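Ready to poke around a protein model? Grab the viewer and work through the tasks at your own pace.

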Amino acid sequence: MDANDPKKTTVFTTKFPANKVQERQKTVEVAVTCAIPCCFFCAMNEQDPLRRAAAVARFFREMPRRDDPEHVLVMSALWNVAMAQPGDPEFPSLGIFRCMAALIRRGLADRAWLLRDQNIYIPYYAAHIVGSYTIRDPRFAEIAIESAVVEPLMELLRGRLTWVEQRVAVRALGHLASYEGTFRAVARHEEEVVELAMRVALTCVETVNTEFVAVGRRNEKKTVKYQCDLLTRGLGGEEMENRKAEEWASQLQCWSLYLLSCFACKDRSHARIYRKDFLRELGRMWGGLVNADSPAGVGLMRILCRSGAGRRAVAECKEAVEGLCNLSRSSDDWQYMGIDCLLLLVTDLHTRCMVMEAAAPCLADLVEIRSLASRQKLGDTITEALLLYYPDEVDDHKNKRWANGQASVIERVMQQVWELKVERREREKAMPEEELADRRVLSVLRRQQGNDSFRSGDIEEAAKSYTEALDLCPLKKRKDRMVLLSNIAQCHLLLGDPDAAISDATRALSLSNPTNRHARSLWRRSQAYDMKGLAKESLMDCVMFVSCCLDEDHNRSKNGKVPYYAARMINKQMTAAGLFATVSSGKTRESFTEREDHDHGEPRKEQGAPPRSAGMLPGEDPSQSNCS
């Protein structure tokens, strides 16, 4: 039977559950009579491959010109196919891209048509389908360019409809710009594309909050229904919709940054991207837990740091450098990118002097990392970068000391790195084994003295004893040194010095195997970041701490249980680090007044440093029942 013959009635077979309530697996076959000419579903049911291809191609040609309330069902089906089988060449070869471009153009030009039936969904589905098919295959991207999809996508990027369509448009343009053969077609609009992508990256979070989330809170008008349907597929209430809106806002921001990266990696439009107002915010852009597979701002920052002009622009932006330093001393998956950026900055003679005061203390805490991600001997690479001009650089700083004769931060840090990584290593290499064993015994004794001081509440004396034990402990005893550094970090927490606690906890985590997997150090650094108000860094460390606890429970054949104090910290920091936290309209968020008791896991109603008399060893966190 010919599905293309309007005079004939087509019968096709479908299957559905026989009893929906009991959800039985039985299916029944039903003959459905379709009198619609040029029906997509009838064409897909055609058994003959040639006739099926001809019918589908005809449907794609005629769909943009026809008015049919069932078009949205077809678009939903095409969307599912594109998502599930992005490498299938059938529809791209039959004209789906030209069809999608025409549908977007019609939605933009004919508002009456757009608001009729369920046509308002069509531009979103059309742009999404283009992006899904071009995500991996450059052949499909070339077909899409030949089908003139760029201009309709540009209209959506310009904001002709809403942020929902803008999200899928920037995604599709990013895919097209990522291939060498199709980049030029997008680059014809280079100036506008870059300006729009930067504007979207800077404003999209506030836009989504204002136009979607805050609208629902104020109840001034109903949130656009079709956006809710797209976000949750009709499942879940306002809370679910807002959570999904945050995820989509993050994706919109990250895909905008990816589109910018396509130009930046080809040394295009750097002058526009180097704007200070953009770089200032770039370091704060992150995918968050909802979009953790995107490097977001740091990915673009690393591309910029590969050129001399980019390094100078980043180095001149204090907020960007601070963001890189914080990322480098975190357990974020993109920590290595932050380190890469700092290494590029400190090895460039023109930018070294601009960033060393901020970057040197941070990098010095990482010099004992063995590997991170795919980077082997990363600590040695960091050491070489820091000591690149040693000792001439130190002599230069000695000549520029402050009037009170105090050594500069750079001078002090470089001397410490030289002592740890060069002089002490050479001394211990020349020591006989008996002397090294004696030093370890003395280290254990000093550690025990520190434990006794800690029990009695003398935190300063405990920190001193632990530091002396650390100086005695041989470098090759990495686990012992890790525990001592973690204990010192706990002392600094109790003394109200979060910066020192972050430094010591980072050094401990650099010694752990694998890197960043010592639970107690993670928890202590999370608390220290919390004291400094750095919610994102505190959140990532706390999440990693919980992961370590659960892993160790699993290894001990225990039922994994998240410590309640860690759950409270995660809940607090997710609220503070959420995308909408800084743009939340209406009432101001209440400040968090309850801090964790770092020793017993109990809340107390006071701010500032924890009490000095803890009655617990630094190695005996509230997590001791779950972690070693």
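Here are three short exercises, each with a worked solution. Keep in mind that the model is predicted.

**Exercise 1: a helix and its buried side**

Work out what span helix α26 should have, and where its buried residues sit around the axis.

*Solution.* Start with the length: α26 runs over residues 459-472, which makes 14 residues. At 1.5 Å a residue, the helix should span 20 Å, and this agrees with its end C-alpha atoms, which are 20 Å apart. Next, pick out the buried residues, meaning those under 20% relative accessible area: Ile 459, Ala 462, Ala 463, Ser 465, Tyr 466, Ala 469 and Leu 470. They cover an arc of only 165 degrees around the axis, so they lie on the same side of α26. Finally, look at what they pack against: α24 (409-430), α25 (433-455) and α27 (478-494).

**Exercise 2: the second largest pocket**

Find out which element gives the largest share of the lining of the second largest pocket.

*Solution.* First, the space: the second largest pocket holds about 690 Å³. Its lining has 31 residues, and Cys 254, Trp 255, Tyr 258, Asp 293 and Ser 294 are the closest to its centre. Several elements give two or more residues to this lining, among them α3 (71-84), α7 (122-133) and α14 (238-264). The largest share is from α14, with 10 residues. By type, the lining splits into 17 nonpolar, 6 polar and 8 charged residues.

**Exercise 3: a loop residue**

Locate Asp 67 and list which residues it touches beyond four places away in sequence.

*Solution.* Look in the loop between α2 (49-62) and α3 to find Asp 67. Then check its contacts: Asp 67 touches Arg 106, Trp 113 and Arg 116. Take Trp 113: it is 46 residues from Asp 67 along the chain, yet their C-alpha atoms are separated by 8.3 Å.

Notes: Residues are numbered from 1 along each chain as its sequence is written. This is a predicted model: local features need pLDDT of at least 70, side-chain atom pairs count only at pLDDT 80 or more; totals for chains, interfaces and linings use all residues. Side-chain values use heavy atoms; hydrogens and water are left out. Helices (H or I, at least four residues) and strands (E, at least two) are DSSP runs, numbered from the N terminus. The expected span of a helix is 1.5 Å times one less than its number of residues. Buried means under 20% relative accessible area, exposed over 50%, partly exposed in between (1.4 Å probe, protein chains only). The arc is that of the directions from the helix axis to the C-beta atoms. Contact means heavy atoms within 4.5 Å. On a 1 Å grid over the protein atoms alone, a cavity is a set of points where a 1.4 Å probe fits but cannot get out, and a pocket is an open set with protein on both sides within 12 Å along at least five of seven lines; lining residues have an atom within 4 Å of a point. Grid points are joined across faces, edges and corners, and a volume is the space filled by probe spheres set on the points. Ala, Val, Leu, Ile, Met, Phe, Trp, Tyr, Cys and Pro count as nonpolar, Asp, Glu, Lys and Arg as charged, and the others, Gly among them, as polar.
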